[in-house]
Amino acid sequence: MEKNIKFPVVDLSKLIGEERDQTMALINNACENWGFFEIVNHGVPHDLMDNVEKMTKEHYKKSMEQKFNDMLKSKGLENLEREVEDVDWESTFYLRHLPQSNLYDIPDMSDEYRTAMKDFGKRLENLAEDLLDLLCENLGLEKGYLKKVFHGTKGPTFGTKVSNYPACPKPEMIKGLRAHTDAGGIILLFQDDKVSGLQLLKDGDWIDVPPLNHSIVINLGDQLEVITNGRYKSVMHRVVTQQEGNRMSIASFYNPGSDAEISPASSLVCKETEYPSFVFDDYMKLYAGVKFQPKEPRFEAMKNANAVTELNPTAAVETF
């Protein structure tokens, strides 16, 4: 079931001036009740976004489309005669920015495309850190607390998943991306403003995340749910396929460093906490095999290392 509910859109320019308190309250409400919100006037130049979108779509046509079609043939998915639950209808590649970039290791990218993605990635890295400080302010945590937790001893992990979701002849038979929560910290998504597909689960219903020109969609990962002791939530989301149009998605993940120690912030814990404490890399090793399963058993398993094997890992994923 799908509902038309007003999705939270935050104008970051209103953080300066008389509407700051209202804007901070909107962000807090979105984090508590949605796990998602969309931002505009975020400081990333529109011409850069337009350029990145143009070159991403060109790169797909030139270097990725045939590989996607070959994948469909190899898996017998050209006709989609039955419902498919173990494959996603997507074409992707991954860029790592931190701690070490792989930007110049990706084949078939033009120099212009690499330059644009490097600039775009750095701007989103800075935006992610600014957003984490806004969350700290709303949570009553000292400025920089979340960045410090994410830093560990090696600095944060930051990477971008570049995806295309081609038109699908039978959308009811396969998802573009199966339902899941994100494992990491804060995610910044630049999505196609013409072709929809992203949905989140709210109060038992799937809600469309509206395509909005030059916006960036923000969602919270499992680590922020743990650190905030459940005040903020990571939320199940998915991508549904469409019969027409090729949907672009550029999702940048600002995550803790591999050795970062994750636990609920002491100031947000009144008595006991239901959330575990762990090293981020240990969580990612578990998540890699159970991405498309509910998050609650993952949290429970992290309380007991021996329980990790009981979750029956099923699929490996890119974890940056």
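Where is proline 99 found? I looked this up at the start, working throughout with a predicted model, and I find proline 99 in the loop between β3 (91-98) and α3. The peptide bond that joins leucine 98 and proline 99 is cis, with omega at about 5°.

**Confidence**

Before going further I checked the pLDDT, and I noted a mean of 93 for the protein chain, with 94% of its residues at 70 or more. Over residues 313-317 the pLDDT stays under 50, and for this stretch the model has 11 contacts beyond four places in sequence.

**Helices α1 and α3**

I recalled that two packed helices are described by the angle between their axes and the distance between the axes. For helix α1 (residues 20-33) and helix α3 (residues 111-139), I noted axes that come within 10 Å and cross at roughly 90°. I therefore entered α1 as roughly perpendicular to α3. Listing the residues that meet, I have Arg20, Met24, Ile27, Asn28 and Cys31 on the α1 side, and Leu134, Leu135, Glu137 and Asn138 on the α3 side. By class, this contact of α1 with α3 has 5 nonpolar, 2 polar and 2 charged residues.

I then took up asparagine 28, which is found in helix α1. I entered asparagine 28 as buried because its relative accessibility is 15%, and the cut-off for buried is under 20%. Leaving out residues up to four places away in sequence, I find asparagine 28 touching Asn138, Arg231 and Tyr232.

**Nonpolar cores**

Which residues touch the most other members of the largest nonpolar core? In this core of 80 residues, I noted Leu135 and Ile186 as those two. Helix α3 gives the most to the core, with 13 residues. For leucine 135, again not counting residues up to four places away in sequence, I listed Ile27, Cys31, Leu146, Leu220, Leu224 and Tyr232 as the residues touched. Apart from the largest core I found another, of 16 residues, among them Trp34, Phe36, Leu177 and Val235.

**Helix α6**

Is helix α6 mostly covered or mostly uncovered? I find helix α6 (residues 280-290) mostly covered, since 8 of its 11 residues are buried. The buried residues of α6 are Phe280, Tyr283, Met284, Leu286, Tyr287, Ala288, Gly289 and Val290. Looking at what covers them, I noted that the elements include β5 (175-180), α5 (222-227), β11 (247-255), β12 (261-262), β13 (278-279) and α7 (295-302).

**Glycine 257**

I located glycine 257 in the loop between β11 and β12, and its relative accessible area of 0% is why I entered it as buried. Glycine 257 and glycine 155 are 102 residues apart along the chain, yet I read a separation of 5.5 Å between their C-alpha atoms. Beyond four places in sequence, glycine 257 touches Phe150, Gly155, Pro156, Thr157 and Phe280.

**Positive phi at two asparagines**

I looked up asparagine 41 in the loop between β2 (36-40) and α2 (46-74), where its phi is near 50°, a positive value in a residue other than glycine. Because its relative accessibility is 44%, I entered asparagine 41 as partly exposed. For asparagine 229, which has its place in the loop between α5 and β10 (237-240), I noted a phi near 55°, a positive value in a residue other than glycine.

How values were computed:
Residues are numbered from 1 along each chain as its sequence is written. This is a predicted model: local features need pLDDT of at least 70, side-chain atom pairs count only at pLDDT 80 or more; totals for chains, interfaces and linings use all residues. Side-chain values use heavy atoms; hydrogens and water are left out. Axes are lines fitted to C-alpha atoms, for helices over the stretch in contact, and angles run from 0 to 180 degrees between N-to-C directions. Helices (H or I, at least four residues) and strands (E, at least two) are DSSP runs, numbered from the N terminus. Angles under 35 degrees count as roughly parallel, over 145 as roughly antiparallel, 65 to 115 as roughly perpendicular and the rest as oblique. Contact means heavy atoms within 4.5 Å. Ala, Val, Leu, Ile, Met, Phe, Trp, Tyr, Cys and Pro count as nonpolar, Asp, Glu, Lys and Arg as charged, and the others, Gly among them, as polar. A nonpolar core is a set of buried Ala, Val, Leu, Ile, Met, Phe, Trp, Tyr and Cys residues joined through side-chain atoms within 4.5 Å. Buried means under 20% relative accessible area, exposed over 50%, partly exposed in between (1.4 Å probe, protein chains only). pLDDT is the predictor's confidence in each residue, from 0 to 100.
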